[in-house]
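Subject: Structure for your review

Dear colleague,

Please find below the structure that I am handing over to you. My findings follow it, and I would be grateful if you would read them with the model open.

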Amino acid sequence: MIIDSHCHIDGDAFDEDRDAVVQRAKDAGVVAMLNVGTGDPHSDDFRKAVAVAEKYENVYASVGVHPHDAKLYNDVAENHLLELARSSQKVIAWGEIGLDFYYDHSPRDVQKEVFRRQIRKARELDLPIIVHSRDANDETVEILTAECSDDGFPGGIMHCFGGTAPMAEALMKIGFLISFAGNVTFKKADDLRDAARVVPLDRLLVETDCPFLTPVPFRGKRNEPAYVEHTARFLADFYGIEFETLAKRTTDNFMSFFRL
Ligand SMILES: [Zn+2]
Ligand SMILES: [Zn+2]
């Protein structure tokens, strides 16, 4: 039994064979997947993300505007996402939201403002947040510490962790879970593994972020939820524990975090 805490199986990459992908995940022991909606909040992208969760028993959804698309966020977008979040019991989080200063697809000041605004919206709905951060460690920690340090915060997941050990520690201090994706298995990812060293088992999650970031040994192919096992096996080896232990602990973390 294992969880894929972050995937994008609503995307076009899976239009041809989504049923088979979900079945292969099930066969591989994946008991739940969180399908994270992304795209243009003025299009039907998010409706599709929620529809996929509605269709499959073990698929959940989250809605929220990615930092790439922060420039598209406005009242109309927000109301659309609010309506979707309220429309289905399968929507269990708000995200992915955050900062991406690697691609800079939206201006940085807009990314920051929209990140804060969405954190507050998620809090109104009492939904945990899924956070994306790339090349913006300090700014991400600063905003999350300012917005999420109090007791009423419904919790968050730092997805596809790409920061440093001190960043992981700062986020865990304010209640975040840390999720690792396939890139932790890459040869050059020593920094990432240094960070993984400080994350205790009760704060750990694994994810595919598919169709991206395919773990070794499938690197170069389309990623899918069934492959989350390879990232989990890699981390279990790294921590020197049994795969089954890591799989069970990360599953328990996900289930209790979302009260499923
Ligand atoms: Zn992301
Ligand atoms: Zn993602």
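Two strands are taken to pair if DSSP finds at least two bridges between them. By that criterion strand 4 (residues 91-100) and strand 5 are paired, since six bridges join them, and the two run parallel. Please note that this is a predicted model.

**The sheet**

The sheet is open and has eight strands in the order 1-2-3-4-5-6-7-8, with parallel pairing. Strand 1 and strand 8 form its edges, each pairing on one side only. From one strand to the next, the twist averages 30°. As general background, strands of a sheet pair through backbone hydrogen bonds, either parallel or antiparallel.

At one edge, strand 1 pairs with strand 2 (residues 30-36) in the parallel sense, over four bridges. Within this pair, D4 stands opposite M33 of strand 2. The chain passes from strand 1 to strand 2 through helix 1 (residues 18-27), and this β-α-β crossover is right-handed. Six of the six residues of strand 1 are buried, so the strand is largely enclosed by the rest of the structure.

Further along the sheet, strand 4 and strand 5 have G98 opposite H132, the latter in strand 5. Strand 4, helix 4 (residues 108-125) and strand 5 together make a right-handed β-α-β unit. Another right-handed β-α-β unit consists of strand 5, helix 5 (residues 137-148) and strand 6. Strand 5 is joined to strand 6 by three bridges, again in parallel, and the bridge partner of I129 in strand 6 is G156. Five of the six residues of strand 5 are buried, so this strand is largely enclosed by the rest of the structure.

Strand 6 (residues 156-158) is in turn joined to strand 7 (residues 176-180) by three bridges, and these strands run parallel. G156 has F176 as its bridge partner in strand 7. Helix 6 (residues 165-173) packs on the sheet, where it touches strand 5 (129-134), strand 6 and strand 7. The direction of helix 6 makes about 140° with that of strand 7.

**The zinc ions**

Which protein residues supply the donors of the zinc ion (ligand 1)? They are E96 (OE), H132 (ND1) and H159 (NE2), lying 1.9 to 2.1 Å from the ion. Along the chain these donors follow the spacing E-x35-H-x26-H. The pair E96 and H159 links distant parts of the chain: E96 is in strand 4, whereas H159 is in the loop between strand 6 and helix 6, 63 residues apart. E96 has a relative accessible area of 2% and is therefore buried. H159 also counts as buried, because its relative accessibility is 2%.

The zinc ion (ligand 2) has as its protein donors H6 (NE2), H8 (NE2), E96 (OE) and D209 (OD), which lie 2.1 to 2.5 Å from it. Why is the arrangement of the four donor atoms around the zinc ion (ligand 2) irregular? The reason lies in the angles that these atoms subtend, which are 83 to 178°. In sequence, the donor residues are spaced H-x1-H-x87-E-x112-D. Here the pair H6 and D209 links distant parts of the chain, with their positions 203 residues apart: H6 belongs to strand 1 (residues 2-7), and D209 to the loop between strand 8 (204-206) and helix 8 (228-239). H6 counts as buried because its relative accessibility is 0%, and D209 counts as buried at 10%.

The two sites share a residue: E96 bridges the zinc ion (ligand 1) and the zinc ion (ligand 2), which lie 3.4 Å apart.

**A loop residue**

One further residue may be of interest to you. G11 lies in the loop between strand 1 and helix 1. Is G11 buried or partly exposed? At 24% relative accessibility, G11 counts as partly exposed, the cut-off for buried being under 20%. Leaving aside residues up to four places away in sequence, G11 touches R18 and K48. The C-alpha atoms of G11 and T250 are separated by 25 Å, and these residues are 239 residues apart along the chain.

With kind regards

Conventions
Residues numbered from 1 in each chain as written. Chains lettered and ligands numbered in written order. Predicted model: local features only at pLDDT ≥ 70, side-chain atom pairs only at ≥ 80, totals over all residues. Heavy atoms only, no water. Donors = N, O, S within 2.8 Å, 3.2 Å for Na, K, Ca; no water. Tetrahedral: all angles 85-135°; square planar, octahedral: opposite > 155°, others 65-115°. Buried < 20%, exposed > 50% of the residue type's maximum accessible area, 1.4 Å probe, protein only. Axes fitted to C-alpha atoms, helices over the stretch in contact; angles between N-to-C directions. Contact = heavy atoms within 4.5 Å. Right-handed = clockwise from strand over helix to strand, strands pointing away.
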